[in-house]
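These are my notebook entries on a single chain, set down in the order in which I looked things up. The structure comes first.

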Amino acid sequence: MKHQITLPVAVMREAGIEVGDELFVRADREGRVVLVRERDRIDQWAGSFPGLTAATDLEGLRGEWDE
């Protein structure tokens with residue numbers, strides 16, 4: 001059985017939660033529920049380290065071995 005809640009738009013904006021985000025729900029204490037957005041770690045950090053893609057270009061490295 002699923003219970004559903006409606007979150008006010010202003011609260012979602014303030015928390016940075018968007019429609020479609022997956023949320024984990026946990027009980028913090030009696031009468032208090034905490035929602036935590038789940039972010040894909042790869043999506044969260046992709047593109048954050050300039051040059052990393054070039055340094056890990058496996059196809060390019062394999063091509064060097066054939067030379």
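The entries below go from the overall fold to the hairpin, the charged side chains, the nonpolar patch and the pocket.

**Entry 1. Overall fold.** I note at the outset that this is a predicted model. I counted the secondary structure elements and found four helices and two strands. Along the sequence I read their order as α-β-β-α-α-α. I then looked up burial: of the 67 residues of the chain, 4% count as buried. For the surface as a whole I recorded an exposed area of about 6,800 Å², and carbon and sulfur atoms supply 54% of this area.

**Entry 2. The hairpin.** I turned to the two strands and asked how many bridges join β1 to β2. The count is seven, and the strands run antiparallel, with β2 spanning residues 32-38. β1 covers residues 22-29. I looked up two bridge pairs. Leu23 has Arg37 as its bridge partner in β2, and Arg29 is partnered there by Arg32. Between the strands of this hairpin I found two residues, and Gly31 takes a positive phi near 85 degrees. I also asked how many of the eight residues of β1 are buried. The number is zero, so I describe β1 as lying largely in the open.

**Entry 3. Gly16 and Arg37.** I located Gly16 in the loop between α1 (9-15) and β1. Gly16 counts as partly exposed because its relative accessibility is 31%, and the class of partly exposed residues runs from 20% to 50%. I checked the separation of Gly16 from Arg37: they are 21 residues apart in sequence, while their C-alpha atoms are 9.0 Å apart in space. Arg37 is the residue already noted as the bridge partner of Leu23.

**Entry 4. Charged side chains.** Side chains of opposite charge can pair when their charged atoms come close. I searched the whole structure for salt bridges and found three. Which residues does Asp28 meet in salt bridges? With Arg26, the closest N and O atoms are 3.5 Å apart. With Arg29, the N to O distance is 3.6 Å. With Arg32, the closest N and O atoms lie 2.9 Å apart. Shared partners join Arg26, Asp28, Arg29 and Arg32 into one network. I then looked up the accessibility of each member. Asp28 is partly exposed at 33%, as is Arg26 at 45%. Arg32, at 41%, also counts as partly exposed. Arg29, with a relative accessible area of 55%, is exposed, because the exposed class begins over 50%. I add that Arg29 and Arg32 are bridge partners across the strands, and that each forms a salt bridge with Asp28.

**Entry 5. Nonpolar patch.** I asked which residues make the nonpolar surface patch of about 380 Å². They are Ile5, Val25, Val33 and Leu35. Val25 lies in β1. I asked whether Val25 is buried or exposed. Its relative accessible area is 58%, so I list Val25 as exposed.

**Entry 6. Largest pocket.** Rolling a probe the size of a water molecule over the atoms shows where empty space is left. The largest pocket I found has a volume of about 240 Å³. Its lining comprises 14 residues, and the closest to its centre are Gln4, Ile5, Leu7, Leu23 and Leu35. I noted that β1 and β2 each supply at least two residues of this lining. Ile5 and Leu35 thus appear twice in my notes, because they belong to the patch and are also among the residues closest to the centre of the pocket.

Methods. Residues are numbered from 1 along each chain as its sequence is written. This is a predicted model: local features need pLDDT of at least 70, side-chain atom pairs count only at pLDDT 80 or more; totals for chains, interfaces and linings use all residues. Side-chain values use heavy atoms; hydrogens and water are left out. Patches are made of residues with over 30% relative accessible area and no salt bridge: like charges are joined within 9 Å, nonpolar side chains (Val, Leu, Ile, Met, Phe, Trp, Tyr) within 5 Å. Accessible areas come from the Shrake-Rupley method with a 1.4 Å probe; for residues, only the protein chains shown count as cover. A salt bridge is a side-chain nitrogen of Lys or Arg within 4 Å of a carboxyl oxygen of Asp or Glu. Buried means under 20% relative accessible area, exposed over 50%, partly exposed in between (1.4 Å probe, protein chains only). Two strands pair if DSSP finds at least two bridges between them. On a 1 Å grid over the protein atoms alone, a cavity is a set of points where a 1.4 Å probe fits but cannot get out, and a pocket is an open set with protein on both sides within 12 Å along at least five of seven lines; lining residues have an atom within 4 Å of a point. Grid points are joined across faces, edges and corners, and a volume is the space filled by probe spheres set on the points.
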